[in-house]
Amino acid sequence: MPRMSVPIFKERKHSGDKLSVLTAYDYPSARAMDEAGVDALLVGDSCAMVLMGHETTLTITLDEMIHHTRMVSRGSENALVIGDMPFMSYQVSTEEAVRNAGRMVSEGGAHCIKLEGPPEIFGETITAIQNASIPVMGHLGLTPQSVNVLGGYKVQGRDDESRAQLMESAKGLDALGVFAIVLECIPADLAAEITAAVSCPTIGIGAGAATDGQVLVMHDILGWGFTKFTKTFVDVKSEMETAFSHYVSEVQSGTFPTKEHEFS
Ligand code: KIV
């Protein structure tokens, strides 16, 4: 099986095979996802919240994102590795954005990058990054780096005006040549309309079933999730708690370690 690449990823829109994407932040998880056949591993800036315990994604730095991207790229043999550009790594100037996207690739080992926001604001930046031979994935709808402007993590595109705006932005990103667009927390019927209107694959999260693929946050599917659109596929969190409490009670009762764990 050839490694997933940006051209193969794009082609899947036409073959009709849905794309599976998960966030990954470290080597062992990346290996497990890769072996399970996940198409793309997104080193998301959600790392700040789910792995590092921050309240928002705004506090993770480019160096921290590169650190996690390196772990994930080392763990992936077949999946596409997408590096998420953190807050303030691409907003200040086009030149800085290109340099920072380049670091995600050359230091982190990402194959491509993702950035949040509409073409009206980031069109020039996206073109410049693509001109540096770095494929770009767009991200529209609920864009967590704009949480302070949006006033919380809310479903977007519920009224006619914002629906029309999101459709325009998606078409604009598509015209710029992004290889895919993440649609986060928008009504399912709008996601379906956007998916039909653009030539690149759409990857939904809380956007219904009609998108060309799905992305979820790893911890959300393993028992740490609480939002409506996630699903616990295996409750690893409970399994971990069980293992940890067994360990505590066996250490306390003296049933661990036994002779078989000793060196002579
Ligand atoms: O950072 C992230 O995990 C993301 C996904 C939710 C799309 O951007």
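**A walk through the model: helices, salt bridges and a ligand**

Hi everyone, let's start with one residue: Arg12 is buried, with a relative accessible area of 15%. Please keep in mind throughout that this is a predicted model. Where does Arg12 sit? Its place is in helix 1, which covers residues 6-15. The side chain of Arg12 also has a partner: one of its polar atoms lies 3.1 Å from the backbone oxygen of Asp17.

Now let me step back to the overall layout. The chain is divided into domain 1, running over 6-233, and domain 2, running over 236-264. How far apart are the centres of domain 1 and domain 2? Taken over C-alpha atoms, 39 Å separate them.

Domain 2 takes us to helix 11, made up of residues 236-253. Let's check its length. With 18 residues at 1.5 Å a residue, helix 11 should span 26 Å, and its end C-alpha atoms are 25 Å apart, so the two agree. Right after helix 11 comes Gly254, whose phi is positive, near 80 degrees.

Helix 11 also gives us a charged pair to look at. Side chains of opposite charge can pair when their charged atoms come close. Here, Glu241 and Lys237 meet through their side chains in a salt bridge, at 3.3 Å from N to O. Why does their spacing suit a pairing along the helix? An α-helix has 3.6 residues a turn, so residues three or four places apart point the same way. Glu241 and Lys237 are four residues apart in helix 11, so about one helical turn separates them. Are these two buried or partly exposed? Glu241 is partly exposed at 42% relative accessibility, and Lys237 is partly exposed too, with a relative accessible area of 28%.

How many salt bridges does the structure hold? There are 11. Let me show you some others. The side chains of Asp189 and Arg163 meet in one, with 3.3 Å from N to O. This pair links distant parts of the chain: Asp189 belongs to helix 9 (residues 188-197) and Arg163 to helix 8 (residues 160-176), and the two are 26 residues apart. Their surroundings are worth a look as well. Asp189 counts as partly exposed at 44% relative accessibility, whereas Arg163 is buried, with a relative accessible area of 17%.

Next, please find Arg103 and Glu107, whose side chains form a salt bridge at 2.7 Å, N to O. Arg103 counts as partly exposed, at 25% relative accessibility, and Glu107 is partly exposed with a relative accessible area of 36%. There is a third member here: Asp63, Arg103 and Glu107 are linked in a network of salt bridges.

Let me finish with the ligand. Which residues surround it? Among them are Thr23, Leu42, Gly44, Lys114, His139, Glu184 and Val217. Three more of its neighbours, Asp45, Ser46 and Asp84, deserve a separate mention for their side chains. For Asp45, an N or O atom of the side chain is 3.0 Å from an oxygen atom of the ligand. For Ser46, that kind of contact is at 2.5 Å, and for Asp84 it is at 3.2 Å. How much of the ligand does the protein cover? On its own the ligand has 260 Å² of accessible area, and the protein covers 96% of that.

Thanks for listening, and do have a look at the structure yourselves!

How values were computed
Residues are numbered from 1 along each chain as its sequence is written. This is a predicted model: local features need pLDDT of at least 70, side-chain atom pairs count only at pLDDT 80 or more; totals for chains, interfaces and linings use all residues. Side-chain values use heavy atoms; hydrogens and water are left out. A salt bridge is a side-chain nitrogen of Lys or Arg within 4 Å of a carboxyl oxygen of Asp or Glu. Buried means under 20% relative accessible area, exposed over 50%, partly exposed in between (1.4 Å probe, protein chains only). The expected span of a helix is 1.5 Å times one less than its number of residues. A residue is near a molecule or strand if one of its heavy atoms lies within 4 Å of it. A polar contact is a pair of N or O atoms within 3.5 Å; within protein, one must be able to donate a hydrogen and the other to accept it, and residues adjacent in sequence count only if both atoms are side-chain atoms. Accessible areas come from the Shrake-Rupley method with a 1.4 Å probe; for residues, only the protein chains shown count as cover. Domain bounds come from an automatic or database domain assignment.
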